[in-house]
Amino acid sequence: MTLRDLLDKILRRQPASATTARERLQLVLAHDRSDLSPETLDQMRREIFEVVAKYVDIDLEEGDVSLETEDRVTALVANLPIRRSMAASSNE
Amino acid sequence: MRRTGRIDAIKVTRSNRDPVTNSRTILICSGKGGVGKTTLTANLGIALAGQGARTVVLDADFGLRNLDLLLGLENRIVYTAQEVLAETCRLDQALVKHKQEPNLALLPAGNPRMLEWLKPEDMQTIAGMLSERFDYVLIDCPAGIEDGFKNAVAAAKEAIVITTPEVSAVRDADRVIGLLNTHGVSPVQLVLNRVRPKMMANQDMLAVDDVTDILALPLLGLVLEDEQVIVSTNRGEPLTLNGSASPAAKAYGNIASRLQGEDIPLMDPAKERRGIRARVRRLMQTKIF
């Protein structure tokens, strides 16, 4: 919490909204530009997890597949922390 | 994520112009309604004409036409684009010349029923006829991304996207920019309208850089929120017509000059908050942290 956020709370002012606007826009535009609905994205996320989980032991809690946008180019970014590889575990 | 610096306004190059007639056909669009397309078209038209360029404004909003009203020409319309296309009148019969600014003409939108048969090729025909006679053809695009937009975009070579620093307007602008790219319209430049410096300073309005970063377009101009816009609309006299000193009039004039290739620095919203009354008001409302 920044000093301004704290003061906003004490003085019961509304927090500055421009940051919220920017973040909401970036998220909604990433979806608009890819033409993926949240449901489709969610299904794709589950399927990616399933495929990757066949080969490596991934941390589903920490894993994330999301859309990011920069300069009007949208990318699908998957961040899947690996606990350990399946090969290693089967050798034990 | 954030890119540093702004892309400078695009310089006029030969390729922007029609190779035969040396004319520029510019679509003015926004996606969302009510962000200032028609006001920009009217003011830019007057400003360009005032700088000596032969300019025509074409109302492509056949459903809800208003360009005639903002220019104060609503009582002088005899024929419209509809009669020109049907070849029941000549182009020069339909063009309405502005009295105080003879370099500017309006080609009025036809009957809303035109939408039933109008095709992109029809708009290309009209724009082609206009580009033979004028240096600038400004097309006032309808809101939305449906048939009206598709017809208008077919006639455009380049575009100005106008938006306000609000989430809905920026989102819709983004959709339109995507479609302009698909249709090969280039260059596409941005005008940010209804900027409120105080709200931006308080971080309660998207910053200029936020909008240009998100939309990734070069900024052609910034227009401050200005009550005089409403006054001028009431009168049917665009602000750029009478050399008004209001902030919006200045901004529209600068946009016209930049379009013509002049290098005019962009206004800084943070420096537009002067004057004793503004200072006192600001002091009362300042959030110091």
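This text walks through a predicted model with chains A and B, from chain A to the sheet and helices of chain B and then to the contact between the chains.

Start with chain A. Chain A has four helices and four strands. Read from the N terminus, its elements run α-α-α-β-β-β-β-α. Few residues sit inside: of the 92 residues of chain A, 7% count as buried. Now look at its contacts with a separation of 6 or more. Residues 24 or more positions apart account for 52% of these.

Turn to chain B and find its sheet. The sheet is open and has eight strands, with mixed pairing. What is the order of the strands? Across the sheet of chain B, the order is β3-β4-β2-β5-β1-β6-β7-β8. The edges are β3 (96–97) and β8 (219–224) of chain B. Each of these edge strands pairs on one side only.

Next, pick out β5(B), between β2 and β1 in that order. Strand β1(B) pairs with β5(B) in the parallel sense, over five bridges. In that pairing, B:Arg24 has B:Tyr136 in β5(B) as its bridge partner. Strand β2 (residues 55–59) of chain B also pairs with β5(B) in the parallel sense, again over five bridges. There, the bridge partner of B:Asp59 is B:Asp140 in β5(B).

Why is β5(B) described as largely enclosed by the rest of the structure? Five of the five residues of β5(B) are buried, so the strand is largely enclosed. Both of its faces are covered. On one side lie B:Tyr136, B:Leu138 and B:Asp140, and on the other lie B:Val137 and B:Ile139. All of these residues are buried.

Move along to another strand, β4 (residues 104–107) of chain B, which holds B:Ala105. Is B:Ala105 buried or exposed? A residue is buried if 20 or more other C-beta atoms lie within 10 Å of its own. B:Ala105 has 24 C-beta neighbours inside 10 Å, so B:Ala105 counts as buried. Set aside its neighbours within four places in sequence. B:Ala105 is then in contact with B:Val56, B:Leu95, B:Val96, B:Lys97 and B:His98. For a sense of distance, take B:Gln51. B:Ala105 and B:Gln51 are 54 residues apart in sequence, and their C-alpha atoms are 14 Å apart in space.

Now follow the sheet towards β8. Strand β6 (residues 158–163) and strand β7 (residues 188–195) of chain B pair in the parallel sense over five bridges. One pair of residues here is B:Ala159, which stands opposite B:Val188 in β7(B). Helix α9(B) packs on the sheet, where it touches β6, β7 and β8 of chain B. The direction of α9(B) makes about 150° with that of β7(B). Another helix, α6 (residues 147–155) of chain B, lies across β1 (24–29) and β5 (136–140) of chain B. Helix α6(B) runs at about 155° to β1(B).

Helices also meet helices. Take α6(B) again, with helix α5 (residues 120–131) of chain B. Their axes come within 7 Å and cross at roughly 40°. The two helices α5(B) and α6(B) are therefore oblique to each other. The crossing is right-handed. From α5(B), the contact takes B:Pro120, B:Met123, B:Gln124, B:Ile126 and B:Ala127. From α6(B), it takes B:Lys150, B:Asn151, B:Ala152, B:Ala154 and B:Ala155. By class, this contact has seven nonpolar, two polar and one charged residues.

A second helix pair is α1 (residues 37–50) and α11 (residues 247–259) of chain B. Their axes come within 9 Å and cross at roughly 60°. That angle makes α1(B) oblique to α11(B). Here too the crossing is right-handed. B:Asn43, B:Leu44, B:Ala47 and B:Leu48 in α1(B) meet B:Tyr252, B:Gly253, B:Ile255 and B:Ala256 in α11(B). This contact has six nonpolar, two polar and no charged residues.

Finally, see how the chains meet. The contact takes 19 residues from chain B and 20 residues from chain A. Which elements of chain B give two or more residues to it? They are α7 (167–182) and α9 (208–215) of chain B. The largest share of this side, six residues, comes from α7(B). By class, the side of chain B that touches chain A has nine nonpolar, three polar and seven charged residues. Helix α9(B) thus appears twice: on the sheet and in the contact with chain A.

Definitions and conventions: Residues numbered from 1 in each chain as written. Chains lettered and ligands numbered in written order. Predicted model: local features only at pLDDT ≥ 70, side-chain atom pairs only at ≥ 80, totals over all residues. Contact = placed C-beta atoms within 7 Å. Nonpolar A, V, L, I, M, F, W, Y, C, P; charged D, E, K, R; others polar. Buried ≥ 20, exposed ≤ 12 C-beta atoms within 10 Å, placed from the backbone. Pairing = 2+ DSSP bridges. Axes fitted to C-alpha atoms, helices over the stretch in contact; angles between N-to-C directions. Parallel < 35°, antiparallel > 145°, perpendicular 65-115°, else oblique. Left-handed = near helix turned anticlockwise from the far one by under 90°.
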